[in-house]
Amino acid sequence: VQLQASGGGLVQAGGSLRLSCAASGIFFHINDMGWYRQAPGKQRELVATVTSVGSTNYGDPVKGRFTISRENAKNTVYLQMNSLKPEDTAVYYCNAQIVSFTGATRNVWGQGTQVTVSS
């Protein structure tokens, strides 16, 4: 199973970006999907997660500015980022809890996509 993220880039403060992350491979189901980020010299932190039925959870720094959503039929999770700030600059990683046909669950990470917000 692989996660392929896309949509990062360079944007000015106040601008918007939309990240996408699609899961591919053979599996039974995906539980939670989410986005995390890691800035230079800092620990990886939660951005947002969404359950398979659409319940969401956000990290405090992005509440009210970012929106997470998913399209189960496409095994894809999105992150709409508005009102971006320079402190949002980081590598953004997508994550998915993959359930196999044996019932085993494992965390899978995407390769990361760079988001840079200029002031």
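These are my notebook entries on a predicted model, taken one topic at a time.

**Entry: the disulfide**

I started with the cysteines. The structure holds 1 disulfide, and I found that it joins cysteine 21 to cysteine 94, with an S to S distance of 2.0 Å. As a reminder to myself, a disulfide is a covalent bond between the sulfur atoms of two cysteines. I then asked which strands this pair connects. Cysteine 21 sits in strand β3 and cysteine 94 in strand β9, so the link ties together distant parts of the chain, 73 residues apart. I noted 50° about the S-S bond, which makes the link right-handed. Are the two cysteines buried or exposed? Both cysteine 21 and cysteine 94 turned out to be buried.

**Entry: the open sheet**

From cysteine 21 I moved on to its surroundings in the sheet. Its bridge partner is alanine 5, and the strands β1 and β3 pair in the antiparallel sense over 5 bridges. I traced the order of this open sheet of 4 strands as β1-β3-β8-β7, with antiparallel pairing. Why is one side of β1 and of β7 left without a neighbour in the sheet? Both stand at the edges and each has a single partner strand, so one side stays free of a neighbour. I also wrote down the twist, which averages 15° from one strand to the next.

**Entry: strand β11 and its partners**

Next I looked at β11, keeping in mind that in a regular strand the side chains alternate between the two faces of the sheet. Along β11, Thr113, Val115 and Val117 point to one face and are buried. Gln114, Thr116 and Ser118 point to the other face and are not buried. Which way does β11 run relative to β2 and to β9? With strand β2 (residues 9-12) the pairing is parallel, over 4 bridges, and here leucine 10 stands opposite threonine 116. With β9 the direction is antiparallel, over 3 bridges, and tyrosine 92 stands opposite threonine 113.

**Entry: the nonpolar core**

Tyrosine 92 came up again when I checked the largest nonpolar core. This core has 31 residues, and those touching the most other members are Trp35, Val47, Phe66, Ile68, Leu79, Met81 and Tyr92. The elements giving two or more residues to the core include β1, β3, β4, β5, β7, β8, β9 and β11. Which of them gives the largest share? That is β9, with 5 residues. In general, nonpolar side chains in soluble globular proteins tend to be buried together. I followed phenylalanine 66 further: among its contacts beyond four places in sequence are Val47, Leu79, Met81 and Tyr92, along with Arg37, Gln80, Asn82 and Asp88.

**Entry: two residues by name**

I looked up threonine 49 in strand β5 (residues 45-50). Why does threonine 49 count as buried? Its relative accessibility is 16%, and the cut-off for buried is under 20%. Leaving out residues up to four places away in sequence, threonine 49 touches Met33, Gly34, Tyr36, Ser55, Thr56, Asn57 and Ile68.

My last stop was glutamine 43, in the loop between β4 and β5. Glutamine 43 counts as exposed because its relative accessibility is 72%. With the same four places in sequence left out, glutamine 43 touches Arg37 and Gln38. I also checked the separation of glutamine 43 and asparagine 95: they are 52 residues apart in sequence and 16 Å apart in space, C-alpha to C-alpha.

Key: Residues are numbered from 1 along each chain as its sequence is written. This is a predicted model: local features need pLDDT of at least 70, side-chain atom pairs count only at pLDDT 80 or more; totals for chains, interfaces and linings use all residues. Side-chain values use heavy atoms; hydrogens and water are left out. Buried means under 20% relative accessible area, exposed over 50%, partly exposed in between (1.4 Å probe, protein chains only). Contact means heavy atoms within 4.5 Å. A nonpolar core is a set of buried Ala, Val, Leu, Ile, Met, Phe, Trp, Tyr and Cys residues joined through side-chain atoms within 4.5 Å. A disulfide is a pair of cysteine sulfur atoms within 2.5 Å. Two strands pair if DSSP finds at least two bridges between them. Axes are lines fitted to C-alpha atoms, for helices over the stretch in contact, and angles run from 0 to 180 degrees between N-to-C directions.
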